[in-house]
Structure formats: C-alpha cells, structure tokens
Amino acid sequence: MNLAFLVYHDILDDRVSKALKDLEIDFYTEWENVKGKGHNSDAHLGNRPFPGFNNVRMIAFPSDELLEGLILKIKELNKIAEREDDKIRLFQVPLEKIV
C-alpha cells in the first residue's frame with residue numbers, strides 16, 4: 001500500500017477534483033489554506049506579498065494500479081501548465097497499515 005500527498009495551488013482545485021473523479025478516486029483527506037513554498041514555485045502564504053494558499057489531498061491507495069493512473073494523470077496535467085507554479089506535486093510514501 002502507498003500513501004500519496006497531492007500539493008497544489010488552490011486555484012487548481014477544480015482541475016484536481018476532476019482528475020480524481022475521472023479516475024473514480026472518491027476517498028481522500030483534504031487540507032485547505034495550507035501555507036508553503038516548493039522548489040521552483042512561488043510562496044503561497046495568504047498575504048499581500050505572497051497571495052493564495054495551497055491545498056493538500058492525502059490519499060491511501062490499496063492498489064498500485066490506481067496510484068499509477070493518478071501519477072500519469074498528474075504528469076499529463078503538468079505538461080500543459082504554463083508556469084512551474086501551476087504544477088501539481090505528488091509525494092508518494094509507503095503505507096504500512098490502516099486501522
């Protein structure tokens with residue numbers, strides 16, 4: 001099992017929601033209004049100099065096939081991103097147990 005964290009600028013929420021719906025991934029935990037800065041991206045701190053926030057979705061994957069489908073979809077969406085800041089980040093970590 002694996003756990004994936006999707007981190008993206010909040011203005012991309014519709015794009016991420018559609019991707020998950022298309023893949024029939026209807027299970028996740030979401031954090032909104034998350035502050036942060038990634039490599040090669042603008043800071044999103046919710047203030048005047050650094051407007052906007054990030055959103056984070058945590059998804060536990062019971063199968064590798066579903067996760068691989070999401071990875072392909074994220075790569076596809078990132079190819080059309082006009083700026084580095086408009087890319088969706090996916091962080092994958094092993095998941096040992098769900099209780």
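This tour proceeds through a predicted model, one selection at a time.

**Stop 1: the largest pocket**

Begin with Val7, Gly38, Ser41, Asn54 and Arg89, which are the closest to the centre of the largest pocket among the 19 residues that line it. The volume of this pocket is about 250 Å³. Next, colour strands β1 (2-9), β3 (54-61) and β4 (89-94), the elements that each give two or more residues to the lining. Which of them supplies the largest share of the lining? Strand β1 does, with three residues. If the lining is then coloured by residue class, five residues appear as nonpolar, seven as polar and seven as charged.

**Stop 2: Leu90 in strand β4**

Remain on strand β4 and select Leu90, which is placed in that strand. Leu90 counts as partly exposed, because its relative accessibility is 23%, a value that falls between the limits of 20% for buried and 50% for exposed. Display its neighbours: beyond the residues up to four places away in sequence, Leu90 touches Ala4, Phe5, Leu6, Leu70, Ile71 and Ile74. For a sense of distance, draw a line from the C-alpha atom of Leu90 to that of Gly38; the two residues are 52 apart in sequence and 12 Å apart in space.

**Stop 3: helices α1 and α2**

Now select helix α1 (residues 13-22) together with helix α2, the latter covering residues 64-79. Their axes come within 10 Å and cross at roughly 145°. Viewed as a pair, α1 passes α2 in a right-handed crossing. To see where the two helices meet, show the side chains of Arg15, Ala19, Leu20 and Asp22 in α1, and of Leu70, Lys73 and Leu77 in α2. How do the residues of this contact divide by class? Four are nonpolar, none is polar and three are charged.

**Stop 4: two residues of helix α2**

Keep helix α2 on display and select Leu72, which is found in this helix. Is Leu72 buried or exposed? Its relative accessible area is 57%, so Leu72 is exposed, the limit for that class being over 50%. The C-alpha atom of Leu72 is separated by 14 Å from that of Lys18, and the two residues are 54 apart along the chain.

Move along the helix to Asn78, which also lies in α2. Asn78 is buried, because its relative accessible area is 14%, and buried residues are those under 20%. Leaving aside residues up to four places away in sequence, Asn78 touches Asp86, Lys87 and Ile88.

**Stop 5: loops on either side of helix α1**

Select Ile11 in the loop between β1 and α1. With a relative accessible area of 60%, Ile11 is exposed. Add Asp85 to the selection: the C-alpha atoms of Ile11 and Asp85 are separated by 11 Å, although the residues stand 74 apart along the chain.

Then go to Glu24, whose place is in the loop between α1 and β2 (29-34). Glu24 likewise counts as exposed, at 66% relative accessibility. Its backbone deserves inspection: phi of Glu24 is near 60°, a positive value in a residue other than glycine.

A further case of positive phi is found by selecting Asn33, where the angle is near 55° and the residue is again not glycine. Asn33 lies in strand β2.

**Stop 6: His44**

The last selection is His44, in the loop between β2 and β3. Is His44 buried or exposed? At a relative accessible area of 5%, His44 is buried. Show every residue that His44 touches, apart from those up to four places away in sequence: His9, Val34, Lys35, Gly36, Phe50, Pro51, Gly52, Phe53, Asn54 and Asp85. Two of these names have appeared before. Asn54 is one of the residues closest to the centre of the largest pocket, and Asp85 was paired with Ile11 in the C-alpha separation of 11 Å.

To finish, draw a line from the C-alpha atom of His44 to that of Asp64. The two residues are 20 apart along the chain, and these atoms are separated by 31 Å.

Notes. Residues are numbered from 1 along each chain as its sequence is written. This is a predicted model: local features need pLDDT of at least 70, side-chain atom pairs count only at pLDDT 80 or more; totals for chains, interfaces and linings use all residues. Side-chain values use heavy atoms; hydrogens and water are left out. On a 1 Å grid over the protein atoms alone, a cavity is a set of points where a 1.4 Å probe fits but cannot get out, and a pocket is an open set with protein on both sides within 12 Å along at least five of seven lines; lining residues have an atom within 4 Å of a point. Grid points are joined across faces, edges and corners, and a volume is the space filled by probe spheres set on the points. Helices (H or I, at least four residues) and strands (E, at least two) are DSSP runs, numbered from the N terminus. Ala, Val, Leu, Ile, Met, Phe, Trp, Tyr, Cys and Pro count as nonpolar, Asp, Glu, Lys and Arg as charged, and the others, Gly among them, as polar. Buried means under 20% relative accessible area, exposed over 50%, partly exposed in between (1.4 Å probe, protein chains only). Contact means heavy atoms within 4.5 Å. Axes are lines fitted to C-alpha atoms, for helices over the stretch in contact, and angles run from 0 to 180 degrees between N-to-C directions. A crossing is left-handed if the near helix is turned anticlockwise from the far one by less than a right angle, and right-handed if clockwise.
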